[in-house]
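Reader: I am new to this structure and would like a close look at its interior. Please take one part as a starting point, and then work outward from there.

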Amino acid sequence: MVNTHIGGLEFFIKEYGHLLNPEAIIKEDILRQGIFFEPLKDVKNFSSKSYFIFSFNIDNDNDIITNKYPEEIALQNGIYNLKRTIISVRINKSSPYRVKFDAAANKYVLFLDDNFIGDVIFSPEKSYMLQKTPSGKSVRDIAPTIEWGYLIYLAVFRMCQYFENKSECAFCDMNSNYVNQKKTNKSYSAVKSIDDIIDALGIIDSSEDSESKAYTLTGGSIIDEFKFNGDTEIDFYVRFLEAIEDKYKGKWISKIVVQAHDAKNLKRLKDAGAYIYHTNFEVWDKELFDNICPGKSKFIGRDEWIKRIVDAVSIFGEYRVIPNFVAGVELSEPYGFKSIDDAINSTGEGLEFFMSNNVIPRYTTWCPEKTSKLGRLGNSSAPLEYYVKLLLKWHELHYKYNLPVPEGYGEAGPGRAEFSVSAFMDAFKMADTA
Ligand code: SF4
């Protein structure tokens with residue numbers, strides 16, 4: 001791991017502070033390195049990690065998965081006078097970022113080594129999280145909210161069939177996350193029921209403290225229809241979409257994350273009520289795509305995946321096709337680029353290709369979980385310099401193609417952004433978002 005210490009952080013803030021806000025730079029550094037929590041005091045009423053799809057932890061030892069940590073933190077004030085910055089929590093026992101309890105001030109604080117960075121608030125527990133569906137399932141398990149309550153995350157199939165084919169994406173720990181969660185939570189199921197989803201959404205909808213504005217419907221890839229009673233991936237997810245949209249049409253922005261499908265199947269998703277289509281591309285370079293995403297490469301192919309993304313614009317509309325990149329895997333061993341600039345040039349080419357076709361690609365900051373293939377190969381995170389350059393590149397291209405702030409991602413700008421797994425929404429200038 002290329003750890004950043006205070007000198008490194010200050011360098012990037014000084015060097016790029018006029019182009020990027022400090023909130024975005026610090027957020028990327030915390031996401032890439034994770035956080036270590038000193039033992040939590042008697043703190044109640046925070047929303048704990050729900051392990052909704054991946055572990056999003058660098059370390060996943062038994063003591064970590066049995067302990068309770070916040071899903072997200074908000075970092076504010078401190079030496080850079082930070083505006084509230086919402087950051088997904090990724091546990092890393094050896095991170096230089098440490099959350100401690102300051103007994104004198106009666107608050108949690110974040111340190112980078114011995115340097116105080118800012119005050120910490122844990123993601124608030126919403127009343128609906130503690131409730132149960134009529135079948136006895138907890139709402140936190142069936143329909144957790146993330147992004148400070150903005151997004152309801154409906155991972156309805158928490159395994160991916162690419163693993164059975166030994167062709168899973170090399171950065172993904174979905175199936176080991178399922179196995180780990182099953183050890184501590186007997187009711188953590190691989191496939192959720194439509195009734196549970198509808199009931200959990202009803203509980204959220206009627207809760208006074210709900211601030212949810214969107215939901216994501218997703219899960220692992222389905223390639224073996226036999227195991228799904230003959231259902232294709234589209235049959236499976238369309239049934240959930242139809243049930244949700246029949247009951248709650250217009251309540252939330254609907255987003256669907258599935259493989260890249262042909263126009264006929266995309267039309268089925270659209271007709272069932274999907275508003276935004278995410279079909280994640282992960283990494284642009286051809287060789288890296290084939291090596292890091294062997295399932296996507298084998299079952300659909302890179303060129304076809306790209307074609308389907310572009311074709312989807314005519315079905316979902318301009319700017320409503322939003323493929324994700326896992327930013328940083330371009331620098332992983334053994335396949336990755338050896339230089340940061342080569343990685344940025346390659347990913348920049350992909351971002352520009354999509355943006356010039358009215359697609360808005362976004363990215364999540366790679367969390368090198370030790371339970372993923374890349375993690376088992378000893379990989380650690382990409383350097384902060386890469387993330388700073390990527391923020392600049394993404395915003396340069398977004399501005400060049402005069403694109404809107406993507407829908408379904410909440411507020412943009414420092415102190416306002418809710419998207420918690422990369423800083424691309426924090427890095428908008430306030431004037432861009434007015
Ligand atoms: S498609 Fe890739 S990233 Fe998505 S769940 Fe399957 S293995 Fe993981």
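Author: Leu241 is a convenient place to begin. Leaving aside residues up to four places away in sequence, Leu241 touches Leu217, Ser254, Ile256, Leu269, Ala272, Gly273 and Ala274. The model is a predicted one, and everything below should be read as a description of that prediction.

These contacts belong to a wider setting. The largest nonpolar core has 129 residues, and within it Leu241 and Leu391 are the ones that touch the most other members. Helix H14, residues 384-400, supplies the largest share of this core, seven residues. Domain 1 (6-122) and domain 2 (127-433) both contribute residues to the core, so the core lies between them.

The core thus leads to the two domains. The domain assignment divides the protein chain into domain 1, covering 6-122, and domain 2, covering 127-433. Their C-alpha centres are 23 Å apart. In the contact between them, 38 residues of domain 1 meet 42 residues of domain 2. On the domain 1 side, the elements that give two or more residues are helix H1 (6-16), helix H2 (22-33), helix H3 (62-66) and strand E3 (82-88). H2 provides the largest share of that side, nine residues.

Helix H14, which gives the core its largest share, also packs against another helix. The axes of H14 and helix H12 (residues 340-355) come within 10 Å and cross at roughly 25°. Angles under 35 degrees count as roughly parallel, and H12 and H14 are therefore roughly parallel to each other. Their crossing is right-handed. From H12, the residues that take part are Ile340, Ala343, Ile344, Thr347, Gly348, Leu351, Glu352 and Met355. They meet Glu385, Tyr386, Lys389, Leu390, Lys393, Trp394, Leu397 and His398 in H14.

The loop leading to H12 comes next. Ser332 sits in the loop between strand E12 (324-327) and H12. Ser332 has 28 other C-beta atoms within 10 Å, and a residue with 20 or more counts as buried, so Ser332 is buried. Setting aside residues up to four places away in sequence, Ser332 touches Leu374 and Asn379. Gly378 is 46 residues from Ser332 in sequence, yet the C-alpha atoms of Ser332 and Gly378 are 9.5 Å apart in space. Pro334 lies in the loop between E12 and H12, and the peptide bond that joins Glu333 and Pro334 is cis, with omega about 5°. Most peptide bonds are trans, and most residues other than glycine have a negative phi.

Two loop residues depart from that second tendency. Asn81 has phi near 50°, a positive value in a residue other than glycine. Asn81 is in the loop between strand E2 (72-77) and E3; E3 is one of the elements on the side of domain 1 that touches domain 2. Asn81 has 9 C-beta neighbours inside 10 Å and therefore counts as exposed. The other residue is Asp113, with a positive phi near 55°. Asp113 is placed in the loop between strand E5 (107-112) and strand E6 (115-122). Asp113 has 12 other C-beta atoms within 10 Å, and 12 or fewer is the cut-off for an exposed residue, so Asp113 is exposed as well.

An exposed residue can also be found in a helix. Asp246 is in helix H7, residues 233-248. Asp246 has 11 C-beta neighbours inside 10 Å, so Asp246 counts as exposed. Ala200 is 46 residues from Asp246 along the chain, and their C-alpha atoms are separated by 15 Å.

A second helix pair completes the tour. Helix H8 (residues 263-272) and helix H11 (residues 302-316) have axes that come within 10 Å and cross at roughly 40°. H8 and H11 are therefore oblique to each other, and their crossing is right-handed. On the H8 side, Ala263, Leu266, Lys267 and Lys270 make the contact, and on the H11 side it is made by Asp311, Ala312, Ile315 and Phe316.

To return to the starting point: Leu241 and Leu391 touch the most other members of the largest nonpolar core, and that core lies between domain 1 and domain 2 because both give residues to it.

Conventions: Residues numbered from 1 in each chain as written. Predicted model: local features only at pLDDT ≥ 70, side-chain atom pairs only at ≥ 80, totals over all residues. Core = buried A, V, L, I, M, F, W, Y, C linked by C-beta atoms within 7 Å. Helix = DSSP H or I, 4+ residues; strand = E, 2+ residues; numbered from the N terminus. Domains from an automatic or database assignment. Contact = placed C-beta atoms within 7 Å. Axes fitted to C-alpha atoms, helices over the stretch in contact; angles between N-to-C directions. Parallel < 35°, antiparallel > 145°, perpendicular 65-115°, else oblique. Left-handed = near helix turned anticlockwise from the far one by under 90°.
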